[in-house]
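Student: Please pick one residue, describe its setting closely, and then work outward to other parts of the model. Keep to geometry, and state the cut-offs as you go.

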Amino acid sequence: MTELAYLPDLPSAYVQQFRARLTALPPGAVVLDRTYFYPTGGGQPADRGTLRTASGDEVEVVDVTKSGSAVLHRVRGPPAVLRSLAPGIELEGRLDWERRFRHMRLHTAQHLASARIFARTGLRTRRATLAGISATMDLEGRLSPDAITAVADDVRASVQRPRDVTIRAVPRAEWDAHPSAGRSGLVPLPSHVDPVRVVEIEAEDICPCGGTHVRSTGEIGEVQWLPLVPLPDGASRVAFTLVGASPSTRT
Ligand SMILES: [Zn+2]
């Protein structure tokens with residue numbers, strides 16, 4: 001089992017370097033007792049980075065996936081270094097922070113955008129995926145170009161007058177009784193999830209999510225909206241990209 005160390009609170013998502021113990025070596029991969037590497041899931045791509053041994057040798061983490069309660073870090077490196085890895089040794093993990101922070105900005109912007117689209121049009125988000133510098137959202141119905149302009153203005157306002165982002169654990173029964181349960185998203189919450197990890201953007205959005213997010217909407221920076229794409233079943237696809245660096249990385 002791997003402890004998902006990035007999960008419990010928002011500051012944990014900012015840890016870029018950590019120590020952990022190697023617990024298992026499935027083919028091509030390394031399992032640690034704890035990790036800050038995000039495994040692919042919920043539309044957010046996996047982290048990349050490196051694992052370093054006590055003697056300073058390094059292997060590259062090329063993919064991270066969940067397998068039951070374990071996290072598999074797929075690694076690549078010199079054969080001699082790979083052969084030196086053994087259960088019980090301590091490794092130092094380093095995240096590719098540029099990539100991860102981009103995902104945190106995109107993911108938070110997506111929550112904000114889904115909430116504003118729902119507030120303005122009643123349309124919920126069926127699916128959201130992040131890739132590179134872009135976030136793509138499939139909505140349950142047709143969105144007008146005017147609505148997307150208004151949503152873009154809303155998102156810009158929340159970046160310019162930053163809102164705090166927080167994480168808390170809410171008992172499942174309490175979440176199910178919450179008036180905003182499942183509000184702007186359509187992805188169902190699996191029945192075994194308890195407590196629910198709730199990501200809240202102050203005064204804007206409350207959403208169950210297992211991803212990584214920035215601590216303030218000010219860190220999202222500028223986004224540029226791409227043309228709306230009508231989907232064959234009457235739905236719409238909206239997407240935006242990050243423009244430039246975050247105005248405030250505070251790292
Ligand atoms: Zn999220």
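Tutor: Ala-203 has a relative accessibility of 66% and therefore counts as exposed (buried is under 20% relative accessible area, exposed over 50%, partly exposed in between, with a 1.4 Å probe and protein chains only). The model is predicted, so local features need pLDDT of at least 70 and side-chain atom pairs count only at pLDDT 80 or more, while totals for chains, interfaces and linings use all residues. Residues are numbered from 1 along each chain as its sequence is written, and side-chain values use heavy atoms, without hydrogens or water.

Although Ala-203 is not a glycine, its phi is positive, at about 65 degrees. The residue is in the loop between S12 and strand S13 (205-208) (helices, H or I, of at least four residues and strands, E, of at least two are DSSP runs numbered from the N terminus). The loop on the other side of strand S12 (196-201), running from helix H4 (172-177), holds Pro-195. A cis peptide bond, with omega about 0 degrees, joins Pro-195 to Asp-194.

Strand S12 also contains Ile-201. At 1% relative accessibility, Ile-201 is buried. Beyond its neighbours within four places in sequence, Ile-201 is in contact with Thr-108, His-111, Leu-112, Arg-163, Asp-164, Val-165 and Thr-217 (contact means heavy atoms within 4.5 Å). Its C-alpha lies 8.2 Å from that of Ser-216, a residue 15 places away in sequence.

His-111, one of those contacts of Ile-201, leads to the metal site. The zinc ion is held by NE2 of His-107, NE2 of His-111, SG of Cys-209 and NE2 of His-213, at 2.0 to 2.2 Å (donors are N, O and S atoms within 2.8 Å of the metal, or 3.2 Å for Na, K and Ca; water is not among the atoms, so sites may look incomplete). The angles among the 4 donor atoms run from 98 to 121 degrees, and the site is tetrahedral (four donors with all angles between 85 and 135 degrees). The sequence spacing of the donor residues is H-x3-H-x97-C-x3-H.

Of these donors, Cys-209 and His-213 are both buried. His-107 sits in helix H2 (residues 97-121) and also counts as buried, because its relative accessibility is 4%. Its side chain makes a polar contact of 2.8 Å with that of Gln-44 (a pair of N or O atoms within 3.5 Å; within protein, one must be able to donate a hydrogen and the other to accept it, and residues adjacent in sequence count only if both atoms are side-chain atoms). Setting aside residues up to four places away in sequence, His-107 touches Gln-44, Leu-130, Cys-209, Gly-211, Thr-212 and His-213.

Aromatic rings come next. The whole structure has 7 aromatic pairs (rings of Phe, Tyr and Trp, the last by its six-membered ring, with centres within 6.5 Å; planes under 30 degrees apart are stacked, over 60 edge-to-face, the rest tilted). Tyr-6 and Tyr-38 form an edge-to-face pair, because their planes meet at 65 degrees, with ring centres 5.4 Å apart. This pair links distant parts of the chain, 32 residues apart: Tyr-6 is in the loop between strand S1 (3-4) and strand S2 (17-24), and Tyr-38 in the loop between strand S4 (34-35) and strand S5 (49-52). Tyr-6 is buried at 2% relative accessibility, and Tyr-38 is buried at 5%.

Trp-225 and Phe-240 make a tilted pair, 5.1 Å centre to centre with 50 degrees between the planes. Trp-225 belongs to strand S14 (residues 222-225) and Phe-240 to strand S16 (residues 236-243), so the pair ties together parts 15 residues apart in sequence. Both Trp-225 and Phe-240 are buried.

Tyr-14, Trp-97 and Phe-101 are linked into a cluster by ring pairs. Arg-215 lies over the face of Tyr-14, 3.7 Å from the ring centre (NZ of Lys or CZ of Arg must be within 6 Å of the centre and within 35 degrees of the ring normal).

One more loop residue can be added. Asp-57 is in the loop between S5 and strand S6 (58-67) and is partly exposed, at 33% relative accessibility. Its side chain has a polar contact of 3.4 Å with that of Ser-55. Outside four places in sequence, Asp-57 touches Leu-51, Arg-52 and Val-81.

Methods:
Tetrahedral: all angles 85-135°; square planar, octahedral: opposite > 155°, others 65-115°.
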